[in-house]
Amino acid sequence: MTPFMMILIGQNSRYLYINLVLETALTWGMILAQIFKFPWCFGNAIVAGMFVPGILGRQDEFNPITPITVFTKVTGSDSAQGYLIGAGTSVFIAGILIFSVLNIPGIKKELPFIKVDDKPAVWLINLRILAGFVIAIIPVVLHVAGVWI
């Protein structure tokens, strides 16, 4: 969906700032849902065959650690996975609805509660880059946690 959203954002450049904020929020909502729906994608098994164990150390006995196992140990709740998937999906659906209403052509020329012609802030771009690094580092952090446990 991201390529189509970028096309809409490019065509409706008047709301560039708010569209980028919305796109960032709904992307994070979808990633949150994906982390807990498919925890094996973000687990330490992903980095087991890479160079990371050679640098950071190997586990004596491989113990798969995923974000949901960490969350379960921290909270002590086994049933939270469904709620976290629902929370991420809810953020995504709400973001899509707001994004869709904002970008429907011909509804209104100006929405009074949104500043028009704002350029994307540097903090937003930096936050998006930082979020990408954080998501990519999750399996490495879980591997390090598995070595220490």
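Here are some worked exercises on the predicted model shown above.

This is a predicted model, where local features need pLDDT of at least 70, side-chain atom pairs count only at pLDDT 80 or more, and totals for chains, interfaces and linings use all residues. Residues are numbered from 1 along each chain as its sequence is written, and side-chain values use heavy atoms, with hydrogens and water left out.

**Exercise 1: the overall layout**

Work out how many helices and strands the protein has, and what share of its residues count as buried.

Solution.
- Start with the elements: there are six helices and zero strands. Both are DSSP runs numbered from the N terminus, helices being H or I with at least four residues and strands E with at least two.
- Read from the N terminus, the order is α-α-α-α-α-α.
- Next, burial: 30% of the 149 residues count as buried. Buried means under 20% relative accessible area, exposed means over 50%, and partly exposed is in between (1.4 Å probe, protein chains only).
- The accessible surface is about 9600 Å², with 71% of that belonging to carbon and sulfur atoms. Areas come from the Shrake-Rupley method with a 1.4 Å probe, and for residues only the protein chains shown count as cover.
- Last, the contacts (heavy atoms within 4.5 Å): of those between residues at least 6 apart in sequence, 78% join residues at least 24 apart.

**Exercise 2: helix α6**

Find where α6 bends, and which of its residues are buried.

Solution.
- Helix α6 covers residues 122-148. Its 27 residues reach 37 Å from first C-alpha to last, close to the expected 39 Å. The expected span is 1.5 Å times one less than the number of residues.
- Now the bend: α6 turns by about 40 degrees at Ile137, and Pro139 follows within four residues. The bend at a residue is the angle between axes fitted to the seven residues ending there and the seven starting there.
- The buried residues are Leu124, Ala131, Pro139, Leu142, His143 and Gly146.
- Their cover includes α2, α3 (52-56) and α4 (67-75).

**Exercise 3: the nonpolar patch**

Identify the residues of the nonpolar surface patch and the helix that gives the largest share of it.

Solution.
- The patch takes up about 650 Å² and is made by Trp28, Trp123, Leu127, Leu130, Val134, Ile137 and Val141.
- As for the rules, patch residues have over 30% relative accessible area and no salt bridge; like charges are joined within 9 Å, and nonpolar side chains (Val, Leu, Ile, Met, Phe, Trp, Tyr) within 5 Å.
- Helix α6 gives the largest share, six residues.
- Trp28 sits in helix α2 (residues 16-37). Its relative accessible area is 36%, so Trp28 counts as partly exposed.

**Exercise 4: a charged pair between helices**

Say which residue forms a salt bridge with Glu23, and whether Glu23 is buried or exposed.

Solution.
- Side chains of opposite charge can pair when their charged atoms come close.
- The structure holds one salt bridge, meaning a side-chain nitrogen of Lys or Arg within 4 Å of a carboxyl oxygen of Asp or Glu.
- Glu23 pairs with Arg128, and the closest N and O atoms are 2.6 Å apart. The pair links distant parts of the chain, with Glu23 in α2 and Arg128 in α6, 105 residues apart.
- Glu23 is buried, because its relative accessibility is 2%. Arg128, at 32%, is partly exposed.
- Thr24, also found in helix α2, is buried at 4% relative accessibility. Leaving aside neighbours within four places in sequence, Thr24 touches Leu124 and Arg128.
- The C-alpha atoms of Thr24 and Leu127 are 9.1 Å apart, with their positions 103 residues apart along the chain.

**Exercise 5: helix α5 and Pro67**

Check whether the span of α5 agrees or disagrees with the expected one, then list the contacts of Pro67.

Solution.
- Helix α5 (residues 80-102) has 23 residues, so it should span 33 Å; the end C-alpha atoms are 33 Å apart, which agrees.
- Buried residues of α5 include Leu84, Phe92 and Phe99, and their cover includes α1 (2-11), α2 and α4.
- Ser90 of α5 is partly exposed at 47%; the C-alpha atoms of Ser90 and Gly29 are separated by 7.5 Å.
- Pro67 belongs to α4 and is buried, with a relative accessible area of 12%.
- Setting aside neighbours within four places in sequence, Pro67 contacts Ile35, Phe36, Pro39, Phe42, Gly43, Ile138 and Leu142.
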